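Hi,

Here is the structure I said I would pass on to you. Have a look first, and my notes on its salt bridges follow below.

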Amino acid sequence: MKTTHALRMTFLILLGLFGVKTWAQDPQRFFIQYQKSNAHLLKNISLPLSDNRLRLGAVIASPSQKDPDYFYHWTRDAGLTLLEIAQEYRETSSQPQKAKLETILKNWIQFEIHAQENALRASANLGEPKFTVQGDIYPYDWGRPQNDGPAIRALAMTHYAFSLLSEGQTDAVRTLYQAELPARTPIKRDLEFIAHHWNEKDFDLWEEVRGQHFFTRMAQRAALIQGSLLANKLNDPFAAQYYIQQSQLIEKVLNEHLDPEKLIVRPTLYPIGDTKNKTSHLDSAVILASLYFSQGDGIFDPSHPYIQRSAQKLEEAFNKLYSINWNSSTQGIAIGRYPEDIYDGVGFNGGNPWFLTTAAFAEYYCRLSLSDHGHRFLQRILLHTDQNGHLSEQINRTTGFEQGARDLTWSYVAYLRAIKACE
Ligand code: NOJ
Ligand code: NOJ
């Protein structure tokens, strides 16, 4: 073991010094990893039902059931995944592929309806963050509520609903959104919840700090804007108006996150309790929020100067922090969640770079039309993955080994998104 470890370290250091093949030298490698990521992702979202612990449509965060146990359905991870699936559904022209994606979307929706009904009776309401693969609420202590969940879920379902409408499948859409109160359809339920509760404090996407979060507010705003468009199409004009009004109120609150001294966007304001020593106020969550939820109307788009400055500052901070970054040549900086992070994927022995945040930086720079810089982050990912293209949650900050939950669904989603932005 020891020698393999030493060999691998030497190998990584040499690779680090001389760099791996770049995008320009061998673009094909990055597309092969795309295919592999896609295949691994599908395994996590269409689980074999021979296992009777499973409810159809569950999206596991990872197949890892121990150290750590990520064999659960998180509303956030699932929503981001199905947002990507809904996007593929929209883009594909192949009928068999469309049918396959449609099944995945429909199963997930059935799972979420079940989860919503359980959550409506629970303490965190629709902000319940985590479910068993059977669709039951995670029964132990957890950072709850997490109100980005219902927003991301609504956004993914709305995206799919628009595709259905353009195909003339109006009846199918009416099972997702009905103009009635109390709401009994999944999109309407989430939108009502968001519109009435967005101003409440909750736990952040990293499930650690209670407060007012930029990421959560951006998700809620996006869901209300898209939801309002859908409500208009489905003869619910007063709801449409109400959702838009609430989204405008959220915009005011989003502006509070501008830090006029550091010229960055602050991830969290007014925290209560443990703040995890986050003194730098730098967090990749801000970049993720812009990528996932900006609406192309100039409000915290990727090109927003404070978002750009946040990205720069994050790169500087992670460059200093993680030794795998120190002899980088062709590959970009491996990016973590936030500099003060100590979660190592199982325990708390020090934070690491994550695949999903590193892939997000690739997507970020490619969307800014700085593709050469974007590609460097993809080169970083390929440096740390194995031959089979498995992507875990984290990359060890000193050895470069994969670490934490294996085959993290969200890592694959982030890689797919990055390739689409970069190709
Ligand atoms: C698991 C996670 O959700 C992670 O974000 C967090 O850092 C640890 N638990 C510790 O709360
Ligand atoms: C921990 C992450 O911090 C959180 O964002 C994620 O939802 C869970 N793990 C599950 O992947």
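Let's start with E180: at 22% relative accessibility, it counts as partly exposed, because the buried class stops under 20%. Keep in mind while you browse that this is a predicted model.

The side chain of E180 pairs up with that of R184 in a salt bridge, with 3.0 Å from N to O. R184 itself is exposed, its relative accessible area being 61%.

That pair has plenty of company: searching the whole structure turns up 28 salt bridges. One of them is between R189 and E117, where the closest N and O atoms are 3.3 Å apart. This one links distant parts of the chain, as R189 sits in helix α7 (residues 186-197) and E117 in helix α4 (residues 95-119), 72 residues apart. On the R189 side, the relative accessible area is 11%, so this residue is buried. E117 comes out as partly exposed, at 36%.

Another one to click on is R266 with D259, whose side chains meet in a salt bridge at 3.2 Å, N to O. Here D259 is the buried partner, with a relative accessible area of 6%, while R266 is partly exposed at 25%.

Finally, have a look at R76, D77, D148 and E207: salt bridges with shared partners join these four residues into one network.

Shout if anything is unclear.

Cheers

Definitions and conventions:
Residues numbered from 1 in each chain as written. Chains lettered and ligands numbered in written order. Predicted model: local features only at pLDDT ≥ 70, side-chain atom pairs only at ≥ 80, totals over all residues. Heavy atoms only, no water. Helix = DSSP H or I, 4+ residues; strand = E, 2+ residues; numbered from the N terminus. Buried < 20%, exposed > 50% of the residue type's maximum accessible area, 1.4 Å probe, protein only.
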